[in-house]
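Okay, thanks everyone, I'll keep this short. Let me put the sequence and the structure up, and then we'll walk through a few charged pairs and a strand.

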Amino acid sequence: TSRAGSGVVVRHRGVACVLTAAHVASFAGAKNALRVELASGAARRGRVVGVHDALDLAIVYLDGDLDGAATMEPGEARVGDEARALGTAQRYAAATAACADAIRGRRETGRVLKIHADTHAMHDARVLAGQSGGALVRETDGKLLGVHSFGDAFWGGSRDVCVLVNAATLDAIEIARDGVDPEVYATARVNAMIFRSSDEALKRMAPELSAKQRASWIF
């Protein structure tokens, strides 16, 4: 596929793997195959082995050993945390964002603005096209706070929403080591699932938004 997203290496139930957004995992298609490029530049074949049943989270196992890769440790997000968005941006996105940031006087880092039910956080760290599924990390200690899900940057805004990464959200992901049925991460199913949980979270964190505006953020 020509579509691209990001992910972060974590340790889940003792196994080093890639945590990403479920909507990014849906790129695996009918063959359950993803091309995953590591920070080292090495490329591996990945397969989706778990998808959260309510949140925009999925786990990917890679062919070959990942035990030597650096993993990120989750940390508890707090309102006011200074945070940075990580991930592999599309080529045009970084240059475009740099120009926009210079005009607006905006920094790459931002703050956690609101938290909903230990599942979602709203923040204003800069997230670029291609970074969906990538990590939101706390600037002071490098702890993993969440995975990029959606936001209003496409519409010229500055707020984004991540799914929080913690023991509860990770433990809820069931693993099928040989790969899940592609129906589990099918785009229509994933979009419906994400909308249900994300719309409720966004309604609580941004009550000024109409139903139509919330939908435009999520999709």
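So, what you're looking at is a predicted model, and please keep that in mind throughout. I'd like to start with a network of salt bridges that links four residues: Arg 78, Asp 81, Arg 138 and Asp 141. Zoom in on one contact there, and you'll see the side chains of Arg 78 and Asp 81 meeting in a salt bridge, 3.6 Å from N to O.

Buried or exposed, what is Asp 81? Asp 81 has a relative accessible area of 7%, and because the cut-off for buried is under 20%, Asp 81 counts as buried. Arg 78, on the other hand, is partly exposed, at 45%.

For context, a search of the whole structure turns up eleven salt bridges, so let me show you a couple more.

Swing round to helix α4, which covers residues 187–205. Glu 200 is the one to watch. Its side chain meets Lys 203 in a salt bridge at 3.9 Å, N to O, and there's also a salt bridge between Glu 200 and Arg 204, this one at 2.8 Å.

How many residues apart are Glu 200 and Lys 203 in the helix? They're three apart, which means about one helical turn separates them. With Arg 204 the spacing from Glu 200 is four residues, again about one turn of α4.

As for accessibility, Glu 200 is partly exposed with a relative accessible area of 29%, and Lys 203 is partly exposed too, at 36%. Arg 204 comes in at 56%, and because exposed means over 50%, Arg 204 counts as exposed.

Okay, away from the charges now, over to strand β5, residues 58–62. Five of its five residues are buried, so the strand is largely enclosed by the rest of the structure. And that goes for both faces: you've got Ala 58, Val 60 and Leu 62 buried on one side, with Ile 59 and Tyr 61 buried on the other.

Which strands does β5 pair with? One is β2, residues 15–20, antiparallel, over three bridges. If you want a landmark there, Val 18 sits opposite Val 60. Another is β4, residues 43–51, also antiparallel, with five bridges to β5. On that side, look for Val 51, whose bridge partner in β5 is Ala 58. And between β4 and β5 the chain makes a hairpin, with six residues joining the two strands.

That's my tour, happy to rotate things if anyone wants another view.

Key:
Residues numbered from 1 in each chain as written. Predicted model: local features only at pLDDT ≥ 70, side-chain atom pairs only at ≥ 80, totals over all residues. Heavy atoms only, no water. Buried < 20%, exposed > 50% of the residue type's maximum accessible area, 1.4 Å probe, protein only. Pairing = 2+ DSSP bridges.
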